[in-house]
Amino acid sequence: EPTNEPKATEHIKEMIEMTKSLITKEFAYESGGHVYFSVNSFKKYGKLSNKNLDELKSGTRIEVSNLKKNSMDFVLWKPSIEKDPGWDSPWGRGRPGWHLECSVMSERYLGKQFDIHGGGLDLIFPHHENEIAQSCCNNSTDEFANYWIHNGFVTIGKEKMSKSLGNIVTISSAVKKYSGQVVRFALLSAHYSQPLDWNDKLLESQRATIDKWYNLYDGSDGEVPLEITESLLDDLNTPRFIAKIHELYNSASKGNNQSKKTFNNACKLLGLFDIDKKHW
């Protein structure tokens with residue numbers, strides 16, 4: 001489990017403080033009970049998505065409001081009507097924008113700058129772009145996170161999993177039908193940044209491969225040479241690593257004992273061969 005599992009509602013005070021700070025530093029402004037971040041005040045805006053402001057305007061749904069100085073400006077704080085959650089603030093009763101929540105909590109638990117920030121491809125813009133802007137401006141830092149990891153979507157029938165469509169498969173339900181090794185192998189078969197279509201054909205294929213690989217199971221447990229693992233050091237390229245395991249299997253099938261040992265160790269590194277051949 002994570003060391004900390006913070007809740008946004010527990011950090012409202014810090015969110016108000018960051019908003020006040022951004023206004024004082026002239027990166028944000030109050031307008032009609034709303035507080036907006038001024039994107040023109042941050043010259044690196046768009047760097048993560050590799051787009052300029054004009055491209056971002058034309059390719060994104062933007063909340064149009066005559067309260068904004070610029071249509072791209074995003075909300076830090078907004079008023080709450082009576083039925084909505086709300087907290088007292090210098091700008092009246094309201095609630096924080098969701099970009100602000102992440103900046104405040106990451107700073108609280110990880111610091112002003114940290115190593116790895118993850119999320120789905122759909123969060124690059126505007127969410128992650130906005131996190132960077134407000135955090136760097138408030139903290140006077142050049143970077144927010146050193147590395148960004150954006151995953152592709154797992155789809156079913158080429159459609160993104162969603163609660164509204166009811167096409168969600170959980171890990172707990174998947175392992176009732178297939179071995180955990182098969183589920184893991186299927187998920188790792190595509191690069192994490194690429195889409196993966198979840199279907200029985202994929203899972204049956206992965207199960208057949210593991211069945212075949214178990215013919216060379218010998219229980220080895222040791223280091224895997226760098227020339228085999230180097231693909232994992234290249235943006236966690238699991239498909240290329242799996243291709244290396246196929247090569248090792250072919251070599252081991254021809255009687256190469258060193259290949260067989262390395263093959264077994266590589267499978268274990270991938271999370272396979274977690275039970276012996278008899279139990280499989």
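## Close-ups of a predicted model

**Overview: the whole chain at a glance.** The protein's secondary structure adds up to 10 helices and nine strands (DSSP runs numbered from the N terminus, with helices being H or I of at least four residues and strands E of at least two). This is a predicted model, where local features need pLDDT of at least 70, side-chain atom pairs count only at pLDDT 80 or more, and totals for chains, interfaces and linings use all residues. Residues are numbered from 1 along each chain as its sequence is written, and side-chain values use heavy atoms, with hydrogens and water left out. Along the principal axes, the C-alpha atoms fit a box of roughly 75 × 40 × 40 Å. The radius of gyration is 24 Å, against near 19 Å for a compact globule of 280 residues (taken over C-alpha atoms, the globule rule being 2.2 Å times the number of residues to the power 0.38). Of the 280 residues, 43% count as buried (buried is under 20% relative accessible area, exposed over 50%, partly exposed in between, with a 1.4 Å probe and protein chains only). Take the contacts between residues at least 6 apart in sequence: 67% of them join residues at least 24 apart (contact means heavy atoms within 4.5 Å).

**View 1: helix H3 against helix H4.** Here H3 (residues 98-110) meets H4 (residues 124-139), with axes that come within 9 Å and cross at roughly 55° (axes are lines fitted to C-alpha atoms, for helices over the stretch in contact, and angles run from 0 to 180 degrees between N-to-C directions). That angle makes H3 oblique to H4 (under 35 degrees is roughly parallel, over 145 roughly antiparallel, 65 to 115 roughly perpendicular, and the rest oblique). From H3, the contact draws on Trp98, His99, Leu100, Cys102, Ser103 and Glu107, while H4 brings Pro126, His127, Asn130, Glu131, Gln134, Ser135, Asn138 and Asn139. Sorted by class, that's four nonpolar, eight polar and two charged residues (Ala, Val, Leu, Ile, Met, Phe, Trp, Tyr, Cys and Pro count as nonpolar, Asp, Glu, Lys and Arg as charged, and the others, Gly among them, as polar).

**View 2: helix H1 against helix H4.** H1 packs on H4 at an angle of about 70°, and their axes are 10 Å apart. The two helices are therefore roughly perpendicular to each other. Met18, Ser21 and Leu22 of H1 touch Gln134, Cys137 and Asn138 of H4. By class, this contact has three nonpolar, three polar and no charged residues.

**View 3: a cis peptide bond at proline 126.** Follow the backbone from phenylalanine 125 to proline 126 and you'll find a cis peptide bond, with omega near 10°. Proline 126 sits in helix H4, and is among the H4 residues that meet H3.

**View 4: histidine 11, tucked in.** Histidine 11 belongs to the segment before helix H1 (12-24). It counts as buried because its relative accessibility is 3%. Leaving aside residues up to four places away in sequence, histidine 11 touches Pro6, Val104, Met105, Arg108 and Tyr109.

**View 5: positive phi at two loop residues.** Glutamate 26, in the loop between H1 and strand S1 (28-31), has phi near 65°, a positive value in a residue other than glycine. Its relative accessible area is 66%, so glutamate 26 is exposed. Lysine 158, in the loop between strand S7 (154-156) and strand S8 (159-160), has a positive phi too, near 70°. With a relative accessible area of 69%, lysine 158 is exposed.
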